[in-house]
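I wanted a set of notes that a colleague at the bench could read beside the coordinates. The entries below record what I looked up, in the order I looked.

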Amino acid sequence: MIKLTQREKNVEALACVNTALSTATGCDALHEKKVALLANLKRWREITTHCERLAASNTKFDGCFTEDLASENPLLGVAQAKSLTSTFFGDSREDEISGAEMKLGTKAAAEAVLRIPHEMAPYYLRALRLEERYPTAEAVAKSLDQYIVQRSGVYGQERLRSKFSWLRREHEKLISTKDARERGDELFRNGDFKAAATKYASCLKIDSEGSIDVDSFSAGGRLHAVLHCNRAACFMALKSFHEAVTECTAALRIHPRYMKALLRRARCYSRLNRLEESLVELNRWLDMANQARSDPHSVSVMLSPCLFDGPHEVSDEDIASVKQEIEEVSKAKRTAERAERAESTYQQQRQKWQDDSFNFPQADAQRRRDFFYSQQSTSSRRWDSFADRGPKKSSKNSTKGGNQGQSKPDDYTPKNIVNESDHYSVLGVSSAASESEIKKAFRKMALKYHPDKNKDNEAVEMFQRVQQAYEILKDSNSRRKYDSESRWSHRF
């Protein structure tokens with residue numbers, strides 16, 4: 001057997017009550033039960049609509065219960081309605097969703113609250129506040145206060161005050177909500193986004209009774225949806241995009257078609273480089289706007305409507321702006337995907353090189369070293385350019401031979417070289433010399449020891465050594481191999 005959640009139970013019970021009301025339209029107990037179930041589901045706009053429709057329907061009984069029927073009058077002591085009419089919502093019995101945009105003014109609402117069962121009045125007043133109908137809520141609270149004063153002589157003031165004990169508490173919440181909301185808006189306009197977010201949070205806590213964490217609790221209604229969306233705007237201004245996403249999500253739980261919250265969440269995803277999610281949200285926004293324009297009365301448009309910032313309020317400029325954002329995010333996504341593929345290819349090649357580089361027998365160290373150099377770039381600079389001998393020191397720092405501060409003499413010959421088999425020594429350069437330095441040294445040595453210029457007996461031999469050294473060192477691959485062999489021979 002499938003176990004239903006509390007919400008599913010409420011939805012199922014509401015369907016049963018609606019079925020019963022289709023037959024017993026005048027049963028106050030059923031009306032009270034319906035309003036209580038809607039409150040459990042946090043569907044406050046439907047509560048206001050249902051209460052106002054019922055009150056308008058009950059105006060038909062004004063003036064009917066007179067003389068011998070006076071004792072049966074359910075609206076005893078209530079003056080005949082002047083602003084509220086029974087035909088305000090029409091004669092149809094459509095569901096509250098389809099006529100949700102229809103609502104009473106302040107004067108009509110003040111008369112309506114006296115024409116519904118007293119058990120429904122607390123839900124009606126709270127729903128008006130949570131739907132941000134503040135003037136109407138004020139008028140309803142004032143009307144109930146006047147009713148208590150007028151009827152206190154008949155029923156007793158203490159008795160009536162006890163029956164309407166909730167009224168003072170709801171009125172205080174109404175005042176606190178208005179003050180906190182207005183103060184938060186003022187702070188936001190002044191650029192104090194952190195303080196504004198805190199003030200909006202305090203407004204949310206008014207309905208949590210101080211015992212529920214505001215981050216996980218929402219009373220629902222337009223008020224809380226707007227407060228969450230406003231807090232998201234504060235966090236976006238503070239560059240706290242993760243927190244902004246959380247607030248937008250909370251707003252969309254209340255009104256899934258809240259266009260401003262949806263667009264803000266898409267932009268937060270973009271700032272967080274969650275480009276795929278951003279595109280999904282932007283396209284969803286665009287689809288809802290286009291659908292509302294093409295078929296404003298479709299079932300999907302009417303499902304969970306957001307009357308204060310819904311798809312039907314989107315302008316041409318908004319649609320053009322979102323289309324531009326979709327193009328930009330798509331372009332950024334393609335760029336990110338190319339970069340990701342390039343990085344993946346690089347990592348694969350690097351892993352392959354490592355696998356190939358060290359997939360030799362442990363004893364064949366020379367082969368692994370040669371392979372390492374063969375994979376490097378053509379630069380003459382390597383990770384060990386000085387071959388364990390350290391960099392060439394400048395002559396002015398040298399303290400050997402009393403030649404401090406002097407450069408090499410022009411008659412420097414290979415006879416002065418410690419190791420004549422070292423190609424770098426033959427050319428008179430360090431092992432860290434660049435290609436241009438090697439080429440310059442070769443030209444100088446070749447000119448000096450060319451047989452046509454130098455008639456010394458050892459000139460021919462030295463000229464051959466210079467040529468051999470240059471042939472090896474001028475080529476980066478042969479030079480790398482020579483350096484590798486030279487370092488290896490120095491170890492033994």
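What follows are my entries, from the overall picture down to single residues.

**Entry 1: confidence**

I began by noting that this is a predicted model, and that the protein chain has an average pLDDT of 80, with 75% of the residues scoring at least 70. I then looked for the weak stretches, and found that pLDDT is below 50 over residues 376–388, a stretch for which the model nevertheless has 29 contacts beyond near neighbours in sequence. Residues 394–420 also stay under 50, and here the model has 28 contacts beyond four places in sequence. Where pLDDT is low, the predicted coordinates should not be read in detail, and I took none of my detailed notes from these two stretches.

**Entry 2: the chain as a whole**

I looked up the secondary structure and found 20 helices and zero strands in the protein chain. The chain has 492 residues, of which 42% count as buried, and its accessible surface comes to about 28800 Å², with 50% of that belonging to carbon and sulfur atoms. Among contacts with a separation of 6 or more, I noted that 64% are between residues 24 or more positions apart.

**Entry 3: the nonpolar cores**

Which residues have the most contacts inside the largest nonpolar core? I found that this core has 66 residues and that the residues in question are Ile47, Leu84, Tyr124, Val140, Leu144, Phe164 and Leu167. Helix α6 gives the largest share of this core, seven residues. I followed Leu144 further and found that, leaving aside residues up to four places away in sequence, Leu144 touches Val113, Leu114, Phe164, Trp166 and Leu167. There is also a second, separate core of 25 residues, which includes Ala225, Ala251, Tyr258 and Ile326.

**Entry 4: aromatic pairs**

I searched the whole structure for aromatic pairs and noted five. One of these is formed by Tyr147 and Phe164, which are edge-to-face, with 6.4 Å from centre to centre and 70° between the planes. Tyr147 lies in helix α6 (residues 134–155), whereas Phe164 is in the loop between α7 (157–163) and α8 (166–189), so this pair ties together parts that are 17 residues apart in sequence. Tyr147 counts as buried because its relative accessibility is 7%, and Phe164 counts as buried because its value is 4%. I also noted that Tyr147 and Phe164 form one aromatic cluster with Trp166.

Are the rings of Phe442 and Tyr470 stacked or edge-to-face? Their centres are 4.1 Å apart and their planes are at 10°, so I recorded the pair as stacked, planes under 30 degrees apart being the condition for that word. Phe442 belongs to helix α18 (residues 435–449) and Tyr470 to helix α19 (residues 459–473), so the pair ties together parts that are 28 residues apart in sequence. Both Phe442 and Tyr470 are buried.

**Entry 5: Val35 and helix α3**

I next went to Val35, which lies in helix α2 (residues 28–40) and counts as buried because its relative accessibility is 0%. Beyond residues up to four places away in sequence, Val35 touches Ile47, His50, Cys51, Met120 and Tyr123. I also recorded that Val35 and Leu14 are 21 residues apart in sequence, with their C-alpha atoms 9.2 Å apart in space.

For helix α3 (residues 44–58), I compared the expected and modelled spans: at 1.5 Å a residue, its 15 residues should span 21 Å, and the end C-alpha atoms are 21 Å apart, which agrees. I then checked burial and found that 14 of the 15 residues of α3 are buried, so the helix is largely enclosed by the rest of the structure.

**Entry 6: two positive phi angles**

Last, I noted that Lys42 has a positive phi of about 60° although it is not a glycine. Lys42 is placed in the loop between α2 and α3, and I recorded it as partly exposed because its relative accessibility is 40%. Glu132, likewise not a glycine, has a positive phi of about 60° and is found in the loop between α5 (121–130) and α6. Is Glu132 buried or exposed? Its relative accessible area is 16%, so I entered Glu132 as buried, the limit being under 20%.

Key. Residues are numbered from 1 along each chain as its sequence is written. This is a predicted model: local features need pLDDT of at least 70, side-chain atom pairs count only at pLDDT 80 or more; totals for chains, interfaces and linings use all residues. Side-chain values use heavy atoms; hydrogens and water are left out. pLDDT is the predictor's confidence in each residue, from 0 to 100. Contact means heavy atoms within 4.5 Å. Helices (H or I, at least four residues) and strands (E, at least two) are DSSP runs, numbered from the N terminus. Buried means under 20% relative accessible area, exposed over 50%, partly exposed in between (1.4 Å probe, protein chains only). Rings of Phe, Tyr and Trp (its six-membered ring) pair if their centres lie within 6.5 Å; planes under 30 degrees apart count as stacked, over 60 as edge-to-face and the rest as tilted. The expected span of a helix is 1.5 Å times one less than its number of residues. Accessible areas come from the Shrake-Rupley method with a 1.4 Å probe; for residues, only the protein chains shown count as cover. A nonpolar core is a set of buried Ala, Val, Leu, Ile, Met, Phe, Trp, Tyr and Cys residues joined through side-chain atoms within 4.5 Å.
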